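Reader: I am new to this structure and would like a close look at a single part of it. Please take one helix and the residues around it, and walk me through them in one connected account.

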Amino acid sequence: LLRPYHRLMLMMSIFDIIQSLAMLVGAAAIPRESNIYGAKGNGRTCDAQGFFMMIGYSVPLYNSCLNIFYVLTIQYGITAQRFAKFEPALHAISILIPLSMAVF
């Protein structure tokens, strides 16, 4: 994980796995009393699934971070070391926006 590209890809992959697992649960997390086919959960399982689905919005934000990285390094010739100086801000944005949407 020495390069910004690898760090961005790792985080994007982690959040993609989290969202994919939430999607895998599917209708099973929906409360039973909703009369939806396959619903086996309760209110808490539905809330948990919704939380992890919202966390998955980090994936397109990390994709945008990769696009920024590519533009800055290819088009403008910025080095990976210079990009690493503001990389934490991109991570914070990519994580905190979906996290705040999921919590509130």
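Author: What follows is an account of helix α4 and of the residues that meet it, with a few words on other parts of the chain. The model is a predicted one, and the values given below are computed from it.

Helix α4 covers residues 80-103, and a good place to begin is Glu87, which lies in this helix. Is Glu87 buried or exposed? With a relative accessible area of 4%, Glu87 is buried, because buried means a value under 20%. If the neighbours within four places in sequence are left aside, the residues in contact with Glu87 are Pro4, Arg7 and Leu8.

One of these contacts deserves a closer description, namely the one with Arg7. The side chains of Arg7 and Glu87 form a salt bridge, with a distance of 2.7 Å from N to O. This pair ties together distant parts of the chain, since Arg7 belongs to helix α1 (residues 4-25) while Glu87 belongs to helix α4, and the two are 80 residues apart. A search of the whole structure finds 1 salt bridge. The two partners can also be described by their accessibility: Arg7 is partly exposed, with a relative accessible area of 22%, whereas Glu87 is buried at 4%.

Glu87 has a further polar partner in His91, as the side chains of Glu87 and His91 are joined by a polar contact of 2.9 Å. His91 is likewise found in helix α4, and its relative accessibility of 16% is under the 20% cut-off, so His91 counts as buried. Which residues does His91 touch beyond its neighbours within four places in sequence? They are Arg7, Leu8, Met11 and Tyr62. Arg7 and Leu8 therefore appear in the contact lists of both Glu87 and His91, when neighbours within four places are left out.

Further along helix α4 comes Ile97, which at 40% relative accessibility counts as partly exposed. Ile97 helps to make a nonpolar surface patch of about 370 Å², together with Tyr57, Ile93 and Met101.

Two pairs of C-alpha atoms add to the picture of how parts of the chain are placed. Pro60, in helix α3 (residues 58-75), is partly exposed with a relative accessible area of 44%. The C-alpha atoms of Pro60 and Ser94 are separated by 8.5 Å, although the two residues are 34 residues apart along the chain. The second pair starts from Tyr5, which lies in helix α1 and, at 30% relative accessibility, counts as partly exposed. Tyr5 and Ala84 are 79 residues apart in sequence, yet 10.0 Å apart in space when taken from C-alpha to C-alpha. Not counting residues up to four places away in sequence, Tyr5 touches Leu66, Phe69 and Tyr70.

A last point concerns the cysteines. A disulfide is a covalent bond between the sulfur atoms of two cysteines. How many disulfides does the structure hold? The number is 0. Cys46 is partly exposed, with a relative accessible area of 31%, while Cys65 counts as buried at 4% relative accessibility.

To return to the part you asked about, helix α4 carries the buried residue Glu87, whose side chain meets Arg7 in a salt bridge and His91 in a polar contact, and the same helix also holds Ile97, one of the residues that make the nonpolar surface patch.

Notes: Residues are numbered from 1 along each chain as its sequence is written. This is a predicted model: local features need pLDDT of at least 70, side-chain atom pairs count only at pLDDT 80 or more; totals for chains, interfaces and linings use all residues. Side-chain values use heavy atoms; hydrogens and water are left out. Patches are made of residues with over 30% relative accessible area and no salt bridge: like charges are joined within 9 Å, nonpolar side chains (Val, Leu, Ile, Met, Phe, Trp, Tyr) within 5 Å. Accessible areas come from the Shrake-Rupley method with a 1.4 Å probe; for residues, only the protein chains shown count as cover. A salt bridge is a side-chain nitrogen of Lys or Arg within 4 Å of a carboxyl oxygen of Asp or Glu. Helices (H or I, at least four residues) and strands (E, at least two) are DSSP runs, numbered from the N terminus. Buried means under 20% relative accessible area, exposed over 50%, partly exposed in between (1.4 Å probe, protein chains only). A polar contact is a pair of N or O atoms within 3.5 Å; within protein, one must be able to donate a hydrogen and the other to accept it, and residues adjacent in sequence count only if both atoms are side-chain atoms. Contact means heavy atoms within 4.5 Å. A disulfide is a pair of cysteine sulfur atoms within 2.5 Å.
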